Every structure is written in structure tokens, then in C-alpha cells.
Amino acid sequence: MDLTERTERVAERVSVLADPDGGRMTLLHIVQTFKDVPFEEEREFYAQLEETARAVLAARAERLMQAGIEVVVEILFGENRAREIVRYAEVRGADLIVMASRPIDPEDPAEGFGRISHQVALLARCPVLLLR
């Protein structure tokens, strides 16, 4: 989940899929790290990004919890956000990944397949629902 309003609307729309008898929604945000730069060198920078993400996701989680949905907020770090999402879903045994997505331009379809949502849809072992 990025921190845009578009993904907030996706979370609200998809909340109806959460099983009221034990279902859980995870709001996952991946902070992209710099390639070939040790994490420790940019720890303060990443901490600021994490703090911002945690505040945004906590507010979203609160609204969903008020609707009776169990919500978990997770923030991870990684160079490749699509790979981190797929890995997280596999390790946690996710039933479904839901992501916001933009349509692919028929005039330039190659550019669209580079988007994180489309990468996840192709790589994930569980079902992926892309919402526009």
C-alpha cells in the first residue's frame, strides 16, 4: 500500500471481503531502500519514512477497525518492492493480495508491466486482485 488516497479507497472497498469470523486485513507498506547503499548509512532517512508511513497507515487502520475489521499494519524495507510484497504474502500464507492499479496503455503496454502491481500479479502464488 502506498500512501496515496487511491490506495485508501481500495482498502475501504475491499474491507467487505474480510471474514468477520477471524479474517484479517494487513496494510503493508514497503519502504524502498537504495541499491548498493548500506542500510545503516541511511538509517535516519529510512526512520523518517517509516514514521510517516506508520502514521498514515495507523489512521487508515483505525477507520477499518471502527467498521469491525481486524487490521495489522506492517512496514518493511527492501530494494524491490514487488519482490518484498510477494515474499511477505508467501511467508504469511496470504489468501489474497489486493492492490491499486492503473490501466495499461495499449499504445505502450511494456511500460505498464513495469508497475509494482502488475509485477506482483505475475509473481504471487496466491490470487491478486487489482482495483482501479
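Leaving out neighbours up to four places away in sequence, Glu-84 makes contact with Ile-30, Phe-77 and Gly-78. The model in which these contacts appear is a predicted one. Glu-84 belongs to helix H3, which covers residues 81–92. With a relative accessibility of 15%, Glu-84 counts as buried, because the cut-off for that label is under 20%. One of its partners comes from well back along the chain: Ile-30 is 54 residues away in sequence, yet the two C-alpha atoms are 7.3 Å apart in space.

Phe-77 turns up again in the surroundings of Phe-39. Once residues up to four places away in sequence are set aside, Phe-39 touches Thr-33, Tyr-46 and Phe-77. The C-alpha atoms of Phe-39 and Phe-77 are separated by 9.3 Å, with their positions 38 residues apart along the chain. Phe-39 sits in the loop that links strand E1 (24–32) to helix H2 (43–66). Its relative accessibility comes to 29%, so Phe-39 counts as partly exposed.

That loop has another residue worth a look. Asp-36 also lies between E1 and H2, and here the backbone does something a bit out of the ordinary. Most residues other than glycine have a negative phi. Asp-36 is not a glycine, but its phi is positive, at about 65°. As for its surroundings, Asp-36 has a relative accessibility of 71% and therefore counts as exposed.

Now for the helices with a buried side. In helix H1 (residues 5–14), the buried residues are Thr-7, Glu-8, Val-10, Ala-11 and Val-14. Looking down the axis of H1, these residues fall within an arc of 155°, so they line one face of the helix. What do the buried residues of H1 pack against? Their partners are E1, H2, strand E3 (97–100) and strand E4 (128–131).

Helix H5, made up of residues 116–123, can be read in a similar way. Ser-117, His-118 and Val-120 are buried there. Around the axis they cover an arc of only 160°, which puts them on the same side of H5. Leu-122 and Leu-123 are on the other side of H5, and both are exposed.

Stepping back to the whole chain, the secondary structure amounts to five helices and four strands. Read from the N terminus, the order of elements is α-β-α-β-α-β-α-α-β. The radius of gyration is 15 Å, close to the 14 Å that the globule rule gives for 132 residues, so the chain is as compact as a globular protein of that length. Along the principal axes, the C-alpha trace spans about 45 × 40 × 30 Å.

Contacts far apart in sequence, such as the one between Glu-84 and Ile-30, also show up in the totals. Among contacts between residues at least 6 apart in sequence, 70% join residues at least 24 apart. Buried residues make up 33% of the 132 in the chain. About 8,500 Å² of the chain is exposed, and 50% of that area is supplied by carbon and sulfur atoms. On the charge side, the tally is 17 positive and 24 negative side chains, with 3 Å between the centres of the two sets.

Technical notes
Residues numbered from 1 in each chain as written. Predicted model: local features only at pLDDT ≥ 70, side-chain atom pairs only at ≥ 80, totals over all residues. Heavy atoms only, no water. Buried < 20%, exposed > 50% of the residue type's maximum accessible area, 1.4 Å probe, protein only. Helix = DSSP H or I, 4+ residues; strand = E, 2+ residues; numbered from the N terminus. Arc of directions from axis to C-beta. Rg over C-alpha atoms; globule rule 2.2 N^0.38 Å. Contact = heavy atoms within 4.5 Å. Areas by Shrake-Rupley, 256 points an atom, 1.4 Å probe, with all protein chains shown as cover. Lys, Arg positive; Asp, Glu negative; His and termini not counted. Charge placed at Lys NZ, Arg CZ, Asp CG, Glu CD.
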